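Me: I am new to this structure. Please take a close look at one part of it for me, the salt bridges, and walk me through them.

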Amino acid sequence: MLELSGGRLPDPHPPYGACLQPPLRAGNLSVGYDPRPSAVGEARAEVRRQLEGWGLADHGDLLDTAVLLVSELATNALLHSASHFRLTLSAAHGVLRCEVTDTGRRTPQVLEAGCAESGRGMFLVEALARRWGCHQDGTGKTVWFELGTCGCDGCGRRLR
């Protein structure tokens, strides 16, 4: 029989222990929106409400960044697909993932942030998110981004 003495040794590389997490059973949200201009503001308000409810509103710029980037993705869904869209949020293991799904097939492009009045949404996503991407979903696409939820070294980064 194996006997341990001296107590437990700390994990030298705790993958998630130091990262703040949302409360149990509060890590996912999915809301559908009709294709109308007020839907973008409703999506922003929902992100704010949800992050506050998960206790993630006071973590640096996380709340403001998530609201801004969701606003950009929701606006793109309305402008380029003119369809219903779905906002999905999930928070786990130091990562907030935000997804916007619509019926458009056009893949978003990162444009230079020149003097134009529009076209900078994906530039902002590229600049502010830890990671982002787009995948086709049958009749549409999902554009997503991830943000770290704490200041831990490596928080929100892809495991290799």
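Reply: Start with a network. Salt bridges link Arg97, Glu99, Arg131 and Glu146. Keep in mind that this is a predicted model. A search of the whole structure finds eight salt bridges.

Now turn to Arg36. Its side chain meets that of Glu42 in a salt bridge, at 2.9 Å from N to O. Arg36 also forms a salt bridge with Asp34. There the closest N and O atoms are 3.4 Å apart. Both distances fit the cut-off, because a salt bridge needs a side-chain nitrogen of Lys or Arg within 4 Å of a carboxyl oxygen of Asp or Glu.

How open are these residues? Arg36 has 32% relative accessibility, so Arg36 counts as partly exposed. Asp34 is at 39% and counts as partly exposed. Glu42 is partly exposed too, with a relative accessible area of 31%. The reasoning is short: partly exposed lies between buried, under 20%, and exposed, over 50%.

Next comes a pair that links distant parts of the chain. The side chains of Arg48 and Asp64 meet in a salt bridge, at 3.9 Å from N to O. Arg48 sits in helix α1, which covers residues 38-53. Asp64 sits in helix α2, residues 62-81. The two partners are 16 residues apart. As for Arg48, its relative accessible area is 33%, so Arg48 is partly exposed.

To recap, Arg36 pairs with Asp34 and with Glu42. Arg48 in helix α1 pairs with Asp64 in helix α2.

Notes
Residues are numbered from 1 along each chain as its sequence is written. This is a predicted model: local features need pLDDT of at least 70, side-chain atom pairs count only at pLDDT 80 or more; totals for chains, interfaces and linings use all residues. Side-chain values use heavy atoms; hydrogens and water are left out. Buried means under 20% relative accessible area, exposed over 50%, partly exposed in between (1.4 Å probe, protein chains only). Helices (H or I, at least four residues) and strands (E, at least two) are DSSP runs, numbered from the N terminus.
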